[in-house]
Structures are given as structure tokens and as C-alpha cells.
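Open the model in a viewer and keep the sequence panel beside it. The stops below say what to select next and what is found there.

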Amino acid sequence: MRDDGFTLIEALVTISVIAIALMSILTLMSGTFNLNQRADSQSQATQLAQSQFDALKRVTPTTMPNRGQEEEDVTFNGREFRVRRSYCVTVAYCTSDQRSVQLDVFQGKTLLFTGETVFTELRVK
């Protein structure tokens, strides 16, 4: 009997081990890809919120609503988001010359960003 090569059983075991290793690597790569997508979406949501806050800086606070919410669907860098603006969430910061505004940015039903700031009117004497 000659021992010049592999038996069929050895070949099948080797193929099985390689297949299991490849499946593990593909699962890991898929998880990493999903994590990357989520991080990128959060980064885009943060940039969108910053641009929304910057746009609100150009609005006189006294013309902003003193309560309530506004929602709009926004396409930002090729992605669909829903932006919710809530006014005077922190009542102490809503006076005759200032407004608190909270921004929530969603992608689908997932909340990716929430932030609140106060806009005030500066007067020169």
C-alpha cells in the first residue's frame, strides 16, 4: 500500500475546517461592516444637527415658538433622516428674549442624536 497522498476522509476534514474558518471570518466582517455603518450614520446625524443649530442661530429667538414641536424629513449626504425640533423643553430657559431648543435626529425609528441648546438675543447698549 502506498502513502502518496491524502485519503478522502482527510480531504473532507480539511475542507470542513477551512469552511468553518471562512464562515467565522465572514461573520466577523459582516459585524464590523454593520458597526461601521452605524458609526457613519451617527456621524452624519451629528453633522446634520450641527447644521440645523447653525441655521437656528440666524433666527431671532423671539420669533421662535415658545412651545411645541416641528418635524421634517431631511436628506443629508445621501441619507434620509427625520429631524424633530422641540421648543422650550427646559422651561427655565424660555423667557422673553431666549428659547431652548432640543434637536432629535432619527434614521427610521432609531434615535441617532439628541442635543439641546439655548438661543438668546444679544442687545447692545
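## First stop: a salt bridge between helix and sheet

Select aspartate 40 and arginine 79: they form a salt bridge, with the closest N and O atoms 2.7 Å apart. Aspartate 40 belongs to helix H1 and arginine 79 to strand E2, so this pair ties together parts that are 39 residues apart in sequence. The coordinates come from a predicted model.

Are the two partners buried or exposed? Aspartate 40 is partly exposed, at 31% relative accessible area. Arginine 79 has a relative accessible area of 18%, and since buried means under 20%, arginine 79 is classed as buried.

Stay on the helix and select serine 41, also placed in helix H1. Its relative accessibility is 7%, so serine 41 counts as buried. With neighbours within four places in sequence left aside, serine 41 is in contact with Arg79, Phe81, Gln107 and Leu112.

## Second stop: the sheet and the helix across it

Now colour the strands. An open sheet of four strands appears, in the order E1-E2-E3-E4 and with antiparallel pairing. Its edge strands are E1 (68-76) and E4 (110-120), each of which pairs on one side only. On average, neighbouring strands of this sheet are turned by 20° against each other, direction ignored.

Add helix H1, residues 8-57, to the selection. Helix H1 lies across E1, E2, E3 and E4, and runs at about 20° to E4.

## Third stop: the E1-E2 hairpin

Select E1 and E2 together. Nine bridges join these antiparallel strands. One facing pair to display is threonine 75, which stands opposite glutamate 80 in E2. Then go to the turn: two residues lie between the strands of this hairpin, and asparagine 77 takes a positive phi near 50°.

How much of E2 is covered? Seven of its nine residues are buried, so the strand is mostly covered.

A second salt bridge is found here. Glutamate 72 pairs with arginine 85, and their closest N and O atoms are 3.1 Å apart. Glutamate 72 lies in strand E1 and arginine 85 in strand E2, so the pair ties together parts 13 residues apart in sequence. Glutamate 72 counts as partly exposed, at 32% relative accessibility.

## Fourth stop: arginine 85

Centre the view on arginine 85, in strand E2. Arginine 85 counts as buried because its relative accessibility is 11%, and the cut-off for buried is under 20%.

What surrounds arginine 85, leaving aside its neighbours within four places in sequence? The contacts are Gln52, Leu56, Gly68, Gln69, Glu70, Glu72, Gln102 and Leu103. For a backbone distance, pick the C-alpha atoms of arginine 85 and glutamine 69: they are separated by 5.4 Å, although the residues are 16 apart along the chain. On the side of E3, arginine 85 stands opposite leucine 103.

## Fifth stop: from E2 to E3

Keep E2 (residues 79-87) and add E3 (residues 98-107). Six bridges join these two strands, which run antiparallel. Serine 86 stands opposite glutamine 102 in E3.

Next, select arginine 84 and aspartate 104. The two form a salt bridge in which the closest N and O atoms are 3.7 Å apart. This pair links distant parts of the chain, with arginine 84 in strand E2 and aspartate 104 in strand E3, 20 residues apart. Aspartate 104 is buried, at 5% relative accessible area. Widen the selection to Glu71, Arg82, Arg84 and Asp104: salt bridges that share partners join them into one network.

In general, side chains of opposite charge can pair when their charged atoms come close. How many salt bridges does the structure hold? The count is seven.

## Last stop: a nonpolar patch

Finally, show the surface and select Ile18, Leu22, Ile25, Leu26 and Met29. These residues make a nonpolar surface patch of about 520 Å². Within the patch, pick leucine 26, which lies in helix H1. Leucine 26 has a relative accessible area of 55%, and exposed means over 50%, so leucine 26 is classed as exposed.

Conventions:
Residues numbered from 1 in each chain as written. Predicted model: local features only at pLDDT ≥ 70, side-chain atom pairs only at ≥ 80, totals over all residues. Heavy atoms only, no water. Pairing = 2+ DSSP bridges. Axes fitted to C-alpha atoms, helices over the stretch in contact; angles between N-to-C directions. Contact = heavy atoms within 4.5 Å. Patch = residues over 30% accessible without salt bridge, like charges linked within 9 Å, V, L, I, M, F, W, Y side chains within 5 Å. Areas by Shrake-Rupley, 256 points an atom, 1.4 Å probe, with all protein chains shown as cover. Salt bridge = Lys/Arg side-chain N within 4 Å of Asp/Glu carboxyl O. Buried < 20%, exposed > 50% of the residue type's maximum accessible area, 1.4 Å probe, protein only.
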